[in-house]
Number of protein chains: 2
Amino acid sequence: MSQLPYSDTSHTALLATIEQARSAFSLYKNSSLQLRCELLQAIADELRKDTAALVAAAMRETHLPEGRLKNELGRTIFQLESYGQASAAGRWLDASIETRPNATGAAVNLRKTLLPLGPVVVFGASNFPFAYSTAGGDTASALAAGCTVIVKAHPAHPETSTLAAAAIDRAVLKLQLPKGVFAHVYGASFSVGEYLVKHPYIKAVGFTGSLLGGKQLFDWAQQRKDPIPVFAEMGSVNPVFLLPGQLHEQAPALAEQLAASFTLGAGQFCTKPGLLIAIQSEALSRFEQHLKQQVTKLIPVPLLHSGIANAFQHHRDTSLQVSSVSVLALSEQEASSGEGRPTVAAVEAADWLQHRSLQQEVFGPYTLVVRCADRAAVEAVAASLEGQLTTTIMANEEDLSQHSALIDLVKEKCGRLILNGVPTGVEVCKAMQHGGPFPATTDARFGAVGEDALKRFARPICYQNWPDAWLPAELKEDNPLRIARTVNGQLMQ
Amino acid sequence: MSQLPYSDTSHTALLATIEQARSAFSLYKNSSLQLRCELLQAIADELRKDTAALVAAAMRETHLPEGRLKNELGRTIFQLESYGQASAAGRWLDASIETRPNATGAAVNLRKTLLPLGPVVVFGASNFPFAYSTAGGDTASALAAGCTVIVKAHPAHPETSTLAAAAIDRAVLKLQLPKGVFAHVYGASFSVGEYLVKHPYIKAVGFTGSLLGGKQLFDWAQQRKDPIPVFAEMGSVNPVFLLPGQLHEQAPALAEQLAASFTLGAGQFCTKPGLLIAIQSEALSRFEQHLKQQVTKLIPVPLLHSGIANAFQHHRDTSLQVSSVSVLALSEQEASSGEGRPTVAAVEAADWLQHRSLQQEVFGPYTLVVRCADRAAVEAVAASLEGQLTTTIMANEEDLSQHSALIDLVKEKCGRLILNGVPTGVEVCKAMQHGGPFPATTDARFGAVGEDALKRFARPICYQNWPDAWLPAELKEDNPLRIARTVNGQLMQ
């Protein structure tokens with residue numbers, strides 16, 4: 001999809017970019033937390049100033065509506081500001097100091113903090129052209145952690161990406177930081193990503209996209225002479241368990257809520273509920289009827305680009321060709337070229353269990369109802385689920401007490417467990433976890449949203465016996481940054 | 001080296017063990033922090049009671065002296081107690097709660113904590129039969145994190161391992177926990193490790209040993225359908241930079257200190273200083289003379305087992321065969337079979353730079369002086385270093401100000417940076433970092449010593465909209481555990 005003037009960056013140019021990122025890292029790694037905060041604030045300011053042009057470009061390139069894109073840009077700005085502030089607040093460093101003599105009475109002077117990993121490569125998402133792309137969460141958290149960043153523009157929105165990169169460049173210039181703190185390259189072919197991920201100067205990778213793409217980056221990174229961390233957020237079907245009591249009481253409301261959620265952003269959210277699991281009952285029939293009513297009156301929506309529209313059509317059709325999968329509801333209006341037609345399918349649990357392909361995410365406005373004969377079938381479906389970003393339980397009090405085994409089981413499968421809410425909608429805050437067991441991500445121990453995302457791009461270092469003058473500010477004896485630290489086992493604020 | 005009755009556990013028995021570990025995990029994952037603390041205390045108590053038998057077995061199997069083994073067992077007991085207490089104190093969970101309405105005014109109820117990963121396989125170390133083996137740091141931190149554990153006994157000390165495993169079994173029984181919380185298997189062949197690491201129920205791996213072994217486990221784990229984390233602590237040469245001023249002032253003291261350090265525990269410490277780097281000078285000559293005096297009068301010491309003695313001999317000789325590497329000092333007394341003869345070699349920096357093999361750890365009482373023509377050569381050596389557990393700078397005030405570029409560079413290469421001390425000796429506390437960039441470990445973002453080691457075996461989960469009754473204790477509204485938490489962005493104690 002890449003087009004002139006956005007043709008693939010040559011390997012020669014990539015090498016120069018990587019060398020510049022490495023060279024800039026030698027300076028930027030020692031930047032004060034305050035300076036990083038100022039940089040992220042300056043990027044936020046530049047994006048805010050350029051809102052009109054950014055939103056216009058993104059509308060052209062992604063077919064997403066203006067309101068959604070404005071909100072997403074606002075969220076992107078908030079991420080930059082809040083991650084910058086989190087960096088400055090310094091709590092993420094978990095600074096720890098030990099100065100008590102050891103068991104043999106010997107003097108001890110150990111001080112631990114985090115060091116940035118090195119130049120980071122970021123591969124942005126197609127579905128969030130701002131919040132998970134060029135100036136998105138991965139870039140913001142890597143810069144906040146003290147890493148330099150090379151972004152590969154997403155080939156589906158190169159113009160939007162170029163505008164966002166220009167905003168970052170202006171902020172870097174304004175703060176008189178070396179140019180290599182941030183760089184922007186293009187690549188529609190895998191070879192650009194391969195070159196970047198395999199280069200020894202690159203020390204971590206952020207990615208949001210498909211399982212195929214993320215897993216390939218992960219494999220390249222793990223096969224390096226020195227393996228490096230890859231934070232790839234990949235597919236998730238985000239199962240929703242509709243438990244009997246709640247379904248009986250709330251069938252119409254649940255149908256309305258879920259119809260809106262699975263079609264939000266044209267079904268192109270990584271947290272889209274793609275699997276609705278319930279026991280067959282009169283209540284489920286009512287729910288399905290209400291869902292049908294909701295979906296019939298929806299209209300087809302343009303997908304991000306023609307490649308995604310074709311893939312949606314293909315994966316939807318492949319899913320519908322599986323024996324016993326049938327269409328339950330369809331928007332009345334047919335889709336034009338490039339659009340996705342909202343679709344709900346249904347399948348028996350026994351068949352779903354036999355077809356692993358039905359676990360794969362269908363990116364776009366599609367969801368699948370899994371009809372279970374009984375609670376045992378519900379639990380069998382839960383047990384066979386792969387790792388997920390989210391899992392949702394729709395339940396009343398009685399449902400909960402009767403399904404504790406199910407709840408206990410699904411905890412092992414997801415990064416966020418929701419009760420009586422939809423999974424779409426990801427708050428940016430410390431208490432959020434946006435991540436989950438493989439294949440939802442390649443590293444379930446970290447998350448991509450909220451200030452803890454910074455921790456992905458740093459590692460601990462312990463300074464032993466160093467005088468104050470040689471310690472980073474967060475470890476100096478008199479705590480000049482006034483940050484929370486653990487001193488001799490006690491948390492001090 | 002494995003011998004009857006310690007023959008390799010069959011695949012059938014391994015499978016049963018794994019299934020039991022998985023089954024026990026379903027219960028143990030929900031154990032209270034207090035119960036985990038009690039379990040670790042009970043294991044500590046059982047080990048303490050069995051001190052005489054444990055130390056006697058370890059003396060027979062490792063040739064390490066009684067005093068050292070008693071100390072190491074004491075440290076192992078301290079690890080169990082302190083990790084258990086850290087688990088109960090709950091701060092490692094970094095519990096975070098957000099209940100402020102979001103930007104659109106919608107209600108928010110997000111609560112994040114850590115969940116244990118699942119059954120963990122631990123491969124103990126040969127050189128620390130207690131502290132990094134069966135009841136060592138990996139087992140202690142995995143149990144404290146809520147994981148069940150399968151230990152593969154180190155084939156060099158199966159009897160010691162069996163005694164330690166029996167102590168753990170008694171503790172598990174005493175607390176009426178399911179038997180599968182802990183299991184002990186044997187394996188001298190790679191196939192036992194391969195079977196364990198590749199089994200889908202296994203969710204993380206702890207390892208201490210060689211680069212060859214650790215990297216193999218890492219590769220198997222990353223090539224799984226669902227890759228899992230591997231915390232392998234592998235080789236490290238722990239470079240020591242002897243800067244000119246300090247060397248001039250302290251040559252005899254430095255020689256004495258380093259002679260003791262590189263031969264501590266027969267040179268079988270993972271933090272042994274294996275590379276001494278200095279600029280050629282009169283001071284370096286004096287240092288070398290003093291080192292020679294120290295080393296000449298040392299006596300050869302029995303290595304852990306004959307395999308290690310042979311490997312030491314082989315790697316030492318291979319190193320000495322590299323052009324321009326010469327013996328600088330040697331214990332006067334020749335080594336008998338199974339012993340290691342304390343040896344210091346020397347090489348020119350230019351030659352060292354040309355032979356990557358000289359970066360490899362020689363496990364045993366051997367260290368290499370790298371003679372540099374000038375500061376540029378010192379920096380070239382530093383720049384070409386691989387990842388290390390530790391790096392040491394021996395320097396006075398003036399050295400420090402003249403070598404800031406060197407110090408800045410080596411920070412990127414190590415997990416612990418020491419000023420004017422020896423790297424041997426690892427305090428067990430939160431401020432310690434025992435880890436480092438590849439190939440020192442396979443995951444520099446974590447450490448194997450101190451309470452933060454628990455974090456290796458857990459991942460975040462966010463509970464959205466759950467009522468108090470369904471939340472883990474650390475997330476309940478009234479904080480019944482009285483732990484430090486972040487509530488609406490504020491750290492609360």
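How many residue pairs are in polar contact across the interface of chain B and chain A? The rule finds 48, with both residues of each pair at pLDDT 80 or more. The model is predicted, and the legends below take its close-up views in turn.

**Figure 1. The side of chain B that touches chain A.** Strand 17 of chain B gives the most to this side, with seven residues. Among the elements that each supply at least two residues are helix 1 (11-28), helix 8 (211-222), strand 2 (110-116) and strand 16 (414-419) of chain B. Helix 14 (397-402) and helix 15 (404-411) of chain B also belong to that list. By class, the side has 34 nonpolar, 15 polar and 25 charged residues.

**Figure 2. Area buried between chain B and chain A.** The size of an interface is often given as the accessible area lost when the parts come together. Here the two chains bury about 6200 Å² between them. Carbon and sulfur atoms account for 54% of that area. Three residues, Arg445(B), Trp466(B) and Trp470(B), supply 12% of what chain B buries against chain A. No other three residues supply more. The contact draws 74 residues from chain B and 74 residues from chain A.

**Figure 3. Salt bridges across the interface.** Side chains of opposite charge can pair when their charged atoms come close. The rule finds 16 salt bridges between chain B and chain A. Over all chains, the count comes to 60. One bridge joins Lys112(A) to Asp452(B), at 2.9 Å from N to O. Both residues sit in a wider network of salt bridges, together with Asp94(A), Lys430(B) and Lys455(B).

**Figure 4. Ile393(A) in the largest nonpolar core.** This core has 221 residues. Ile393(A) and Ile393(B) have the most contacts inside it. Leaving out residues up to four places away in sequence, Ile393(A) touches Phe241(A), Leu243(A), Leu400(A), Leu406(A), Ile407(A) and Val410(A), among others. Its partners also include Leu417(A), Ile418(A), Leu419(A) and Asn420(A). Trp466(B) is a further partner of Ile393(A), from chain B. Trp466(B) is also one of the three residues named in Figure 2 for the area buried by chain B.

**Figure 5. Val370(B) in strand 14 of chain B.** The strand covers residues 366-372. Is Val370(B) buried or exposed? Val370(B) is buried, because its relative accessible area is 0% and the cut-off for buried is under 20%. Beyond its sequence neighbours up to four places away, Val370(B) touches Leu275(B), Leu276(B), Ile277(B) and Ala278(B). Val347(B), Ala349(B), Trp352(B) and Val381(B) complete the list. Gly267(B) is 103 residues from Val370(B) in sequence and 19 Å away in space, C-alpha to C-alpha.

**Figure 6. Asn488(A) and the Glu98(A)–Arg100(A) salt bridge.** Asn488(A) is found in the loop between strand 18 (485-487) and strand 19 (490-492) of chain A. Asn488(A) counts as buried, at 18% relative accessibility. Neighbours within four places aside, Asn488(A) is in contact with Ile97(A), Glu98(A), Thr99(A) and Arg100(A). Two of these contacts, Glu98(A) and Arg100(A), form a salt bridge with each other, the closest N and O atoms being 2.7 Å apart. Glu98(A) is buried at 9% relative accessibility, whereas Arg100(A) is partly exposed at 42%.

**Figure 7. A salt bridge between distant parts of chain A.** The side chains of Asp138(A) and Arg456(A) meet at 2.9 Å, N to O. Asp138(A) lies in helix 5 (residues 137-144), and Arg456(A) in the loop between strand 16 (414-419) and strand 17 (458-464). They are 318 residues apart. Asp138(A) is buried, with a relative accessible area of 6%. Arg456(A) is buried too, at 2%.

**Figure 8. A helix-to-helix salt bridge in chain B.** Glu81(B) pairs with Arg48(B), with 2.8 Å between the closest N and O atoms. Glu81(B) is in helix 4 (residues 66-89), and Arg48(B) is in helix 2 (residues 33-49), 33 residues apart. Glu81(B) counts as buried at 17% relative accessibility. Arg48(B) is partly exposed at 40%.

**Figure 9. Tyr201(A) in a loop of chain A.** The loop runs between helix 7 (190-198) and strand 6 (204-208). Tyr201(A) is partly exposed, with a relative accessible area of 35%. Residues up to four places away not counted, Tyr201(A) touches Ile18(A), Glu19(A), Arg22(A) and Pro119(A). Val120(A) is 81 residues from Tyr201(A) in sequence and 9.0 Å away, C-alpha to C-alpha.

Notes
Residues numbered from 1 in each chain as written. Chains lettered and ligands numbered in written order. Predicted model: local features only at pLDDT ≥ 70, side-chain atom pairs only at ≥ 80, totals over all residues. Heavy atoms only, no water. Helix = DSSP H or I, 4+ residues; strand = E, 2+ residues; numbered from the N terminus. Buried < 20%, exposed > 50% of the residue type's maximum accessible area, 1.4 Å probe, protein only. Contact = heavy atoms within 4.5 Å. Core = buried A, V, L, I, M, F, W, Y, C linked by side-chain atoms within 4.5 Å. Buried area = accessible area lost by both parts, 1.4 Å probe. Salt bridge = Lys/Arg side-chain N within 4 Å of Asp/Glu carboxyl O. Polar contact = N/O pair within 3.5 Å; in protein donor to acceptor, adjacent residues only side chain to side chain. Nonpolar A, V, L, I, M, F, W, Y, C, P; charged D, E, K, R; others polar.
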